[in-house]
Amino acid sequence: MRMTSSTIRTRWSPERDTATPQSRRAVKAAAAVAAGALALSLSACGSSDNDSGGSTGETTDTANNVTLPKLDGTSLEVAAVWSGTEQANFKKVLQEFEKRTGAKVTFVPAQDPIINFIGSKVAGGQPPDIAMLPQPGAIKQAVDKGWATQLGSDTVKELGENYSQGWQDIGKVNGKPYGVYYKAANKSLIWYNNQVFENAGASEPETWPDLLNTAQTVSDSGVTPFSIGGAEGWTLTDWFENVYLSQAGPEKYDQLAKHEIKWTDPSVKDALTTLAQVWGKPDWIAGGANGALQTDFPASVTQVFTGGDQPKAAMVAAGDFAQVNIPSSMKIGTDAKVFPFPAVGDQGPVVSGGDAAVILQNSKGSQALATWLASPDAAQIQAKLGGYLSPNKNVPNSAYPNAVQQKIAKALIDAGDDFRFDMSDQAPQAFGGTPGKGEWKTLQDFLKNPKDIAGTQAKLEAEAAAAYGN
């Protein structure tokens with residue numbers, strides 16, 4: 001997850017891959033339609049709507065579609081890695097729960113990887129009541145260790161009414177419901193500074209070769225093409241996954257996600273070779289590789305949209321949640337625009353992730369809070385504040401604050417079960433979700449030395465084999 005967590009990568013088959021070759025081809029065809037729909041919806045986003053992506057202003061007209069118990073005197077803790085505007089906006093959701101139930105809810109800032117943070121809290125006998133976990137693998141780990149409690153009937157009812165089956169399934173472990181995917185993310189996007197593009201005479205690319213041409217055009221105009229938040233390894237996995245999904249296809253994507261094929265597979269070599277076409281050009285990256293590795297995710301977004309028509313970079317590959325880091329002076333859809341991650345293969349990628357609420361201390365209060373987070377009422381509050389995307393299909397599209405995000409949200413809901421979840425988030429934590437280790441660290445090393453494709457593959461495979469145990 002991470003952006004803070006999260007994101008949407010196309011097509012998913014949780015814990016079970018019983019699809020026949022014919023059904024997989026059907027899914028691939030459906031995914032192509034979904035990707036096309038996303039491309040159309042984003043290209044249709046004009047400048048008619050509105051304000052910045054993130055806000056901490058007050059919300060109004062809160063919906064009332066869920067029944068909650070009275071919880072006067074109840075105190076609860078919710079842990080998440082969210083910070084800044086994202087944390088502030090989520091606290092407004094918790095405040096509404098307090099207002100409706102009489103409970104007191106405290107937000108507990110957690111460190112990434114949150115599963116390690118939770119482990120230390122459990123060991124100390126003080127786990128939070130609910131944790132927002134960004135990886136299916138983390139949910140499974142919490143269940144396997146006996147930390148997590150199964151969701152109650154009221155929450156399961158909300159999930160059934162508000163979520164597609166695919167989003168319900170990724171919150172399950174061994175077929176039982178443990179996670180409420182409160183927050184989703186679409187990571188198959190590239191945001192750009194429109195003034196820079198206009199000055200350079202650059203256009204939105206649809207294919208990878210188009211992207212390289214656009215980058216060169218922007219570079220020739222005197223602006224560095226790309227901003228990369230390489231200090232946080234998950235941003236680099238997003239780059240890889242978008243390229244790999246589009247180039248290798250969904251079946252290979254699923255196989256690599258489960259470590260059914262090795263990272264020394266030729267398909268991985270092809271993806272790294274493609275990535276090197278960007279990462280191997282230091283003058284195309286703000287600050288070069290060393291600068292990128294010292295840039296965190298929020299800064300990677302902000303530096304594209306500050307500095308007038310001479311920002312540090314013109315583009316940043318980032319999920320829909322990047323909007324909270326775009327300055328309010330930049331109008332979404334006019335000054336700050338977005339296009340789908342370009343197609344490397346036959347079709348563009350649509351990759352997703354998310355954060356799930358998991359109960360760690362079972363009580364009437366924690367079950368009620370999980371039910372609240374599964375409701376459209378809760379999601380609608382944060383949707384109005386921007387920089388947030390919900391997989392809840394009953395959140396009104398009009399709740400999102402600008403045309404760009406409304407169309408991103410509509411594409412997610414319209415895709416139904418047709419999506420791929422973030423590959424690194426499906427992996428064991430040691431490989432796909434730990435700073436300074438596994439895939440995160442290996443891709444950071446590759447950003448520094450993109451010529452070492454074979455060495456990078458060998459290191460990825462060694463780390464994966466150790467983490468997966470095969």
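**View 1. Asn-174 is exposed, with a relative accessible area of 63%.** The model shown here and in the other views is a predicted one. Asn-174 is found in the loop that lies between β5 (172–173) and β6 (176–177). Although Asn-174 is not a glycine, its phi is positive, at about 55°.

**View 2. His-259 is a buried loop residue with a positive phi.** The loop that holds His-259 lies between α10 (250–257) and α11. The phi of His-259 is about 60°, and this residue is not a glycine. The relative accessible area of His-259 is 7%, and the limit for a buried residue is under 20%, so His-259 counts as buried.

**View 3. The whole protein chain gives the setting for the close-ups.** The secondary structure of the chain consists of 20 helices and 13 strands. The chain has 470 residues, and buried residues make up 60% of them. Among contacts between residues at least 6 apart in sequence, 80% join residues that are at least 24 apart.

**View 4. Strand β12 (residues 351–359) is largely enclosed by the rest of the structure, because 9 of its 9 residues are buried.** Val-351, Gly-353, Asp-355, Ala-357 and Ile-359 point one way from β12. Ser-352, Gly-354, Ala-356 and Val-358 point the other way. Residues on both sides of the strand are buried.

**View 5. Strand β12 pairs with β4, β7 and β13.** Strands of a sheet pair through backbone hydrogen bonds, either parallel or antiparallel. Strand β4 (residues 130–133) runs antiparallel to β12, and 4 bridges join the two. In this pairing, Leu-133 has Ala-356 of β12 as its bridge partner. Strand β7 (residues 179–186) is also antiparallel to β12, with 7 bridges between them. Here Asn-186 has Ser-352 of β12 as its bridge partner. The pairing of β12 with strand β13 (residues 420–421) is parallel and has 2 bridges. Ser-352 appears in this pairing too, with Phe-421 of β13 as its bridge partner.

**View 6. Four strands form an open sheet in the order β9-β10-β8-β11.** The pairing within this sheet is mixed. Strands β9 (226–227) and β11 (336–340) are the edge strands, and each of them pairs on one side only. Strand β8 (residues 189–193) pairs with β11 in the antiparallel sense, over 5 bridges. One position in this pairing is Tyr-192, whose bridge partner in β11 is Lys-337.

**View 7. Helices α9 (residues 233–248) and α11 (residues 266–279) cross at roughly 125°.** Their axes come within 9 Å of each other. Angles of 65 to 115 degrees count as roughly perpendicular and those over 145 as roughly antiparallel; the angle here fits neither class, and α9 is therefore oblique to α11. The crossing is right-handed. On the α9 side, the contact is made by Leu-236, Trp-239, Phe-240, Val-243, Tyr-244, Gln-247 and Ala-248. On the α11 side, the residues in contact include Ser-267, Asp-270, Leu-272, Leu-275 and Trp-279.

**View 8. Helix α9 also meets helix α19 (residues 438–448), with axes that come within 8 Å.** The two axes cross at roughly 80°. An angle of 65 to 115 degrees counts as roughly perpendicular, so this description applies to α9 and α19. The residues of α9 in this contact are Gly-233, Trp-234, Leu-236, Thr-237, Phe-240 and Glu-241. Those of α19 are Glu-439, Trp-440, Leu-443, Gln-444 and Leu-447. Leu-236 and Phe-240 of α9 take part in the contact with α11 as well as in the contact with α19.

**View 9. Asp-452 lies in the loop between α19 and α20 (453–468).** The relative accessibility of Asp-452 is 34%, so this residue counts as partly exposed. Asp-452 and Leu-272 are 180 residues apart along the chain, and their C-alpha atoms are separated by 9.5 Å. Leu-272 is one of the α11 residues that make the contact with α9.

**View 10. The largest nonpolar core has 89 residues.** In soluble globular proteins, nonpolar side chains tend to be buried together. Within this core, the residues that touch the most other members are Phe-90, Phe-97, Met-132, Trp-191, Leu-369 and Trp-372. Another core, of 52 residues, lies apart from the largest one. Leu-236, Leu-256, Trp-284 and Ala-464 are among the residues of this other core.

Definitions and conventions
Residues numbered from 1 in each chain as written. Predicted model: local features only at pLDDT ≥ 70, side-chain atom pairs only at ≥ 80, totals over all residues. Heavy atoms only, no water. Pairing = 2+ DSSP bridges. Core = buried A, V, L, I, M, F, W, Y, C linked by side-chain atoms within 4.5 Å. Buried < 20%, exposed > 50% of the residue type's maximum accessible area, 1.4 Å probe, protein only. Axes fitted to C-alpha atoms, helices over the stretch in contact; angles between N-to-C directions. Parallel < 35°, antiparallel > 145°, perpendicular 65-115°, else oblique. Left-handed = near helix turned anticlockwise from the far one by under 90°. Contact = heavy atoms within 4.5 Å.
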